[in-house]
Amino acid sequence: MKQVFVQLTAVGLLLIGNATLYAQTGNTINVVTTAVPFLRISPDARAGGMGDVGIATAADANAAYWNAGKIPFSADQSSLVANYTPWLHNFSSDMYLASIAGYHKLDDQQAIHGSLRYFNLGQLQFTDNMGNQLQSFRPREFGIDVGYSRKLSERSGLGLTLRYIRSSLASNGAGGSDYKAGNAFAADLGYYYDAKNTNGDGWSFGAALSNLGSKISYTSDANAKDYIPANLGVGTAYTKVFDEQNKITFGLDVNKLLVPTSPAIGDSAGLVTYRNKSVMGSWFSSFGDAPGGFSEELKEVQISAGAEYWYNNQFALRAGYFYEDKTKGDRKYFTAGASVTYSVFTLNFSYLVPTGGGTTTNPLANTLRFGLSFNLDKEEK
């Protein structure tokens with residue numbers, strides 16, 4: 001990309017973490033990068049309080065972001081949620097992620113769902129490679145989803161989500177180049193298995209393939225297409241119901257991007273191979289193309305763990321931890337969250353606990369997420 005995208009490159013690095021070069025330990029950064037990384041930012045304030053755990057937890061209106069296969073198992077007939085997250089507010093006052101999602105169960109076996117994610121990167125001043133100011137622009141991206149979910153049995157469910165993605169990062173003619181908005185199409189496939197007993201005690205399991213779709217391009221150059229963040233996630237959750245008023249859930253999610261590892265700087269032959277891989281081929285090759293073999297592939301796995309305590313189905317407290325290897329983005333943080341339910345409304349809140357200090361401070365520190373959900377099938381009291 002031209003120098004006109006220096007600011008956007010910096011934003012992209014902040015989106016994937018606070019990685020630094022660990023030359024003194026012999027480790028080098030080799031982050032798996034993609035276009036439209038906002039698709040891997042959790043908009044869900046509830047999951048945000050649990051370290052971004054959501055693949056196998058109890059279904060709510062945010063389920064489509066994690067695993068649509070669990071929607072038919074939701075306790076509510078219809079639900080709608082709106083989420084808002086000021087993003088990287090330590091660096092920008094006008095960057096945010098907003099979303100709205102909902103579902104409706106057609107009957108006890110099937111449901112439809114939809115969502116919208118909108119990511120505003122704030123007002124940016126573009127410059128050329130000499131530092132001269134060009135025009136300013138407000139980059140923005142969004143994804144629109146529609147989907148269908150169905151129970152396969154009394155214990156298992158499957159969900160399909162179709163997605164349209166649009167990413168506008170620069171105005172046409174910026175820096176003398178013919179930039180355009182990027183467009184892509186993708187799909188998610190989610191599976192859920194509920195092994196809990198009639199009291200709600202026990203395990204649940206889930207698996208989700210997300211963002212399986214086309215590459216995206218911001219120019220007319222057919223060789224300059226970028227991968228979108230295809231991902232494989234698996235998760236489990238265990239719920240213990242103590243009595244009618246008290247229950248606790250522990251969850252664990254493991255995620256891996258299905259995107260090829262970028263070639264080393266200066267490896268022109270590797271760059272050609274990287275760009276020429278087919279979309280489907282890249283999903284499979286992502287399991288074995290990391291330099292260093294299997295041990296390096298394991299470093300590409302992200303781990304989320306969290307817990308959620310509910311009292312009387314009205315008040316909830318949450319805590320969690322997210323881990324990513326230091327050579328793959330170095331995102332490591334604790335989270336906390338809470339919920340309160342009144343009548344048909346539930347307010348969710350989560351907070352990303354600051355870690356590190358000085359130059360090692362996590363750029364996501366103090367991130368807040370807010371969510372307000374509505375159970376549409378209940379009568380307001």
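In this predicted model, the side chains of Asp188 and Arg163 meet in a salt bridge, with 2.7 Å from N to O. Asp188 sits in strand 8 and Arg163 in strand 7, so the pair ties together parts that are 25 residues apart in sequence. Neither end is out in the open: Asp188 counts as buried at 9% relative accessibility, and Arg163 counts as buried at 3%. Elsewhere, salt bridges with shared partners join Arg46, Asp60, Glu308 and Arg318 into one network. The structure holds 13 salt bridges.

Arg46 is worth a closer look, as two of its bridges can be followed in turn. One runs to Asp60, at 3.2 Å from N to O. Here Arg46 belongs to helix 2 and Asp60 to the loop between helix 2 and helix 3, so the link spans parts that are 14 residues apart in sequence. Arg46 is buried at 10% relative accessibility, while Asp60, at 21%, is partly exposed. The cut-off for burial is under 20%, so Asp60 falls on the other side of that line at 21%. A further bridge takes Arg46 to Glu308, with 2.9 Å between N and O. Glu308 lies in strand 14 (residues 301-311), so this pair ties helix 2 to a part of the chain that is 262 residues away in sequence. Both Arg46 and Glu308 are buried.

The loop between helix 2 (45-48) and helix 3 (63-66) also holds Ala61, which counts as buried at 4% relative accessibility. What does Ala61 touch, leaving aside its neighbours within four places in sequence? The contacts are Ser79, Leu80, Val81, Ala101, Gly102 and Tyr103. The C-alpha atoms of Ala61 and Gly102 are separated by 5.0 Å, although the two residues are 41 apart along the chain. Asp52 is in that loop too, between helix 2 and helix 3. Asp52 is not a glycine, yet has a positive phi of about 70°, and with a relative accessible area of 9% it is buried.

Val36 shows a positive phi as well, about 40°, again without being a glycine. Val36 lies in the loop between helix 1 (6-16) and helix 2 and is buried, with a relative accessible area of 1%. Beyond its neighbours within four places in sequence, Val36 is in contact with Glu141, Ile165, Ser167, Ile216, Tyr218, Ile228 and Pro229. In the largest nonpolar core, which has 22 residues, Val36 is among those that touch the most other members, along with Phe38, Trp87, Phe119, Ile165, Ile216 and Ile228. A second core, separate from that one, has 12 residues, including Ala47, Tyr65, Ala68 and Ile71. In soluble globular proteins, nonpolar side chains tend to be buried together.

Some nonpolar side chains are on the surface instead. A patch of about 910 Å² is made by Val146, Leu152, Leu158, Leu160, Leu162, Leu189, Tyr191, Tyr193, Trp203 and Phe205. Which strands each supply at least two residues of this patch? They are strand 7 (156-168), strand 8 (182-194) and strand 9 (202-213). Leu160, for one, is placed in strand 7 and is partly exposed at 41% relative accessibility.

Turning to aromatic rings, the count comes to 12 pairs. Tyr84 and Tyr96 form a tilted pair, 5.6 Å centre to centre with 35° between the planes. Tyr84 is in strand 1 (residues 78-86) and Tyr96 in strand 2 (residues 96-105), so the pair ties together parts 12 residues apart in sequence. Both rings belong to partly exposed residues, with Tyr84 at 38% relative accessibility and Tyr96 at 24%. Trp203 and Tyr238 form another tilted pair, at 5.0 Å centre to centre and 55° between the planes. That pair links distant parts of the chain, with Trp203 in strand 9 and Tyr238 in strand 12 (residues 231-241), 35 residues apart. Trp203, also a member of the nonpolar patch, is partly exposed at 43%, and Tyr238 is partly exposed at 29%. Ring pairs also link Tyr84, Tyr96 and Tyr118 into a cluster.

As for the chain overall, there are 6 helices and 18 strands, and buried residues make up 50% of the 381 residues. Of the contacts between residues at least 6 apart in sequence, 61% join residues at least 24 apart. The accessible surface comes to about 17400 Å², with 60% belonging to carbon and sulfur atoms.

Key:
Residues are numbered from 1 along each chain as its sequence is written. This is a predicted model: local features need pLDDT of at least 70, side-chain atom pairs count only at pLDDT 80 or more; totals for chains, interfaces and linings use all residues. Side-chain values use heavy atoms; hydrogens and water are left out. Helices (H or I, at least four residues) and strands (E, at least two) are DSSP runs, numbered from the N terminus. Buried means under 20% relative accessible area, exposed over 50%, partly exposed in between (1.4 Å probe, protein chains only). Contact means heavy atoms within 4.5 Å. Accessible areas come from the Shrake-Rupley method with a 1.4 Å probe; for residues, only the protein chains shown count as cover. A nonpolar core is a set of buried Ala, Val, Leu, Ile, Met, Phe, Trp, Tyr and Cys residues joined through side-chain atoms within 4.5 Å. Patches are made of residues with over 30% relative accessible area and no salt bridge: like charges are joined within 9 Å, nonpolar side chains (Val, Leu, Ile, Met, Phe, Trp, Tyr) within 5 Å. A salt bridge is a side-chain nitrogen of Lys or Arg within 4 Å of a carboxyl oxygen of Asp or Glu. Rings of Phe, Tyr and Trp (its six-membered ring) pair if their centres lie within 6.5 Å; planes under 30 degrees apart count as stacked, over 60 as edge-to-face and the rest as tilted.
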